[in-house]
Amino acid sequence: MTMTEHIELVSANRSFGGWHKRYRHRSRALGCEMVFAIYLPPQAETERVPLLWWLSGLTCTDANFMEKAGAQKMAAELGIAIVCPDTSPRGLDLPGEDDSYDFGSGAGFYVNATQEPWKSHYRMYDYVADELPSIVRQHFPVNGRESISGHSMGGHGALILALRRPGHYRSVSAFSPVVNPIHCPWGRKAFMGYLGEDVTQWTQYDACELVAKGASSQPLFIDQGEADNFLEEQLCPERLEAVCAEHDHPLTLRRQPGYDHSYFFIASFIDDHLRYHAERLFASR
């Protein structure tokens, strides 16, 4: 993008000396209006700061993480901005768009759809990888150092974006990620609908497949609750653990006893993740 993109302020709240703001803009990649949230730490008033992308899970909007994770206090101390995109296009009135929680609205799965009627709008990979970063760089005091994290479907998004773009993100982490979507019900439903029947087209959006292909040597940091009710059917972290071991890919997988899939889990360990990213965002290289 060569021209400055217009964004409209929706709301602003002072938080730990910084600002949580929500903006609306017209997305070219998605063909609709989108809303995103940004937390700007107090340091952003006098200098450019590094940025953490947070990708949310099924049914979420930009608001879930900002309102429930309790990340602003540590982000303010560390001097890190956080951007939270929405999880899909909204309000397009596509057939079946609002029929289920795990496909369509709130369930973009961070892929570029190739099938009708989704391919003209459901291009969340391009939106998160290219369009929204360009807008953020135009309008906010960020310094070009970026990391990425996410939860569940958003954890899947964070992993595939980092693995497919070696060297772009200084670090990647995830909570309860969908690590092998081509072999779980959520992923198979989404990929069949957005990408069609050719499974070879699905593998570019699967963390286990990307690690097996040697797409990147990006270290992975994951927290997984052992009481997660989606653990065995949808998340299957042991598959990623096995493929990382087989291909000597760096992985830190922490299993947290008693924790489930909720934001109570995320809020309990978000400070660890923010410190992890800060070490790499502020390191010289």
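Which residue in strand 5 is the bridge partner of Leu-52? The bridge partner of Leu-52 in strand 5 is Ile-82, and the views below set this pair among its surroundings in a model that is predicted.

**View 1. Strand 4 and strand 5 in the six-stranded sheet.** Strand 4, which covers residues 49–55, runs parallel to strand 5, residues 81–84, and three bridges join the two. One residue pair to look for is Leu-52 with its bridge partner Ile-82 in strand 5. Both strands belong to an open sheet of six strands, whose order is 1-2-3-5-4-6 and whose pairing is mixed. At the edges of this sheet stand strand 1 and strand 6 (142–150), and because each has a single partner strand, one side of each is left without a neighbour in the sheet. Direction ignored, neighbouring strands of the sheet are turned by 20 degrees against each other on average.

**View 2. The hairpin of strand 1 and strand 2.** Strand 1 (residues 8–15) and strand 2 (residues 18–27) run antiparallel and are joined by seven bridges. Within this pairing, Ser-11 has Arg-22 of strand 2 as its bridge partner. The two strands form a hairpin with two residues between them, and in the turn Phe-16 has a positive phi of about 50 degrees. In a regular strand, side chains alternate between the two faces of the sheet.

**View 3. Two salt bridges, Arg-24 with Glu-33 and Arg-90 with Asp-86.** The structure holds 16 salt bridges, and two of them are shown here. In one, the side chains of Arg-24 and Glu-33 meet at 3.8 Å, N to O. Arg-24 is partly exposed, with a relative accessible area of 27%, and Glu-33 is likewise partly exposed, with a relative accessible area of 49%. In the other, the side chains of Arg-90 and Asp-86 meet at 2.8 Å, N to O. Here Arg-90 counts as partly exposed at 29% relative accessibility, whereas Asp-86 counts as buried at 5%.

**View 4. The three-stranded sheet and strand 7 beside strand 8.** A second view of strand pairing takes in an open sheet of three strands, which has the order 7-8-9 and parallel pairing. Strand 7 (173–175) and strand 9 (251–256) are the edge strands, each of them pairing on one side only. From one strand to the next, the twist averages 10 degrees. Strand 7 and strand 8 (residues 220–225) run parallel and are joined by three bridges, and Ala-174 stands opposite Ile-222 in strand 8.

**View 5. The salt bridge between Asp-223 and Arg-254.** Asp-223 forms a salt bridge with Arg-254, and the closest N and O atoms of the pair are 2.8 Å apart. Asp-223 lies in strand 8 and Arg-254 in strand 9, so this pair ties together parts that are 31 residues apart in sequence. Asp-223 is buried, with a relative accessible area of 0%, whereas Arg-254 counts as partly exposed at 25% relative accessibility. The pair also belongs to a network of salt bridges that links Asp-223, Arg-254, Asp-272 and Arg-275.

**View 6. The two sides of helix 8.** Helix 8 covers residues 237–246, and its buried residues are Pro-237, Leu-240, Val-243 and Cys-244. Seen down the axis of helix 8, these buried residues fall within an arc of 130 degrees, so they line one face of the helix. An α-helix has 3.6 residues a turn, so residues three or four places apart point the same way. The face of helix 8 that is turned away from its buried side carries the exposed residues Ala-245 and Glu-246. The buried residues of helix 8 pack against several elements, including helix 4 (153–164), helix 6 (207–212) and helix 7 (231–235), as well as strand 8 and strand 9. Just after helix 8, Asp-248 takes a positive phi of about 55 degrees.

**View 7. Helix 4 across strand 4 and strand 6.** Helix 4 lies across strand 4 and strand 6, and runs at about 130 degrees to strand 6. This helix is mostly covered, with 11 of its 12 residues buried; among them are Met-153, His-156, Leu-159, Ile-160 and Leu-163. At 1.5 Å a residue, the 12 residues of helix 4 should span 16 Å, which agrees with its end C-alpha atoms being 16 Å apart.

Conventions. Residues are numbered from 1 along each chain as its sequence is written. This is a predicted model: local features need pLDDT of at least 70, side-chain atom pairs count only at pLDDT 80 or more; totals for chains, interfaces and linings use all residues. Side-chain values use heavy atoms; hydrogens and water are left out. Two strands pair if DSSP finds at least two bridges between them. Helices (H or I, at least four residues) and strands (E, at least two) are DSSP runs, numbered from the N terminus. Axes are lines fitted to C-alpha atoms, for helices over the stretch in contact, and angles run from 0 to 180 degrees between N-to-C directions. A salt bridge is a side-chain nitrogen of Lys or Arg within 4 Å of a carboxyl oxygen of Asp or Glu. Buried means under 20% relative accessible area, exposed over 50%, partly exposed in between (1.4 Å probe, protein chains only). The arc is that of the directions from the helix axis to the C-beta atoms. Contact means heavy atoms within 4.5 Å. The expected span of a helix is 1.5 Å times one less than its number of residues.
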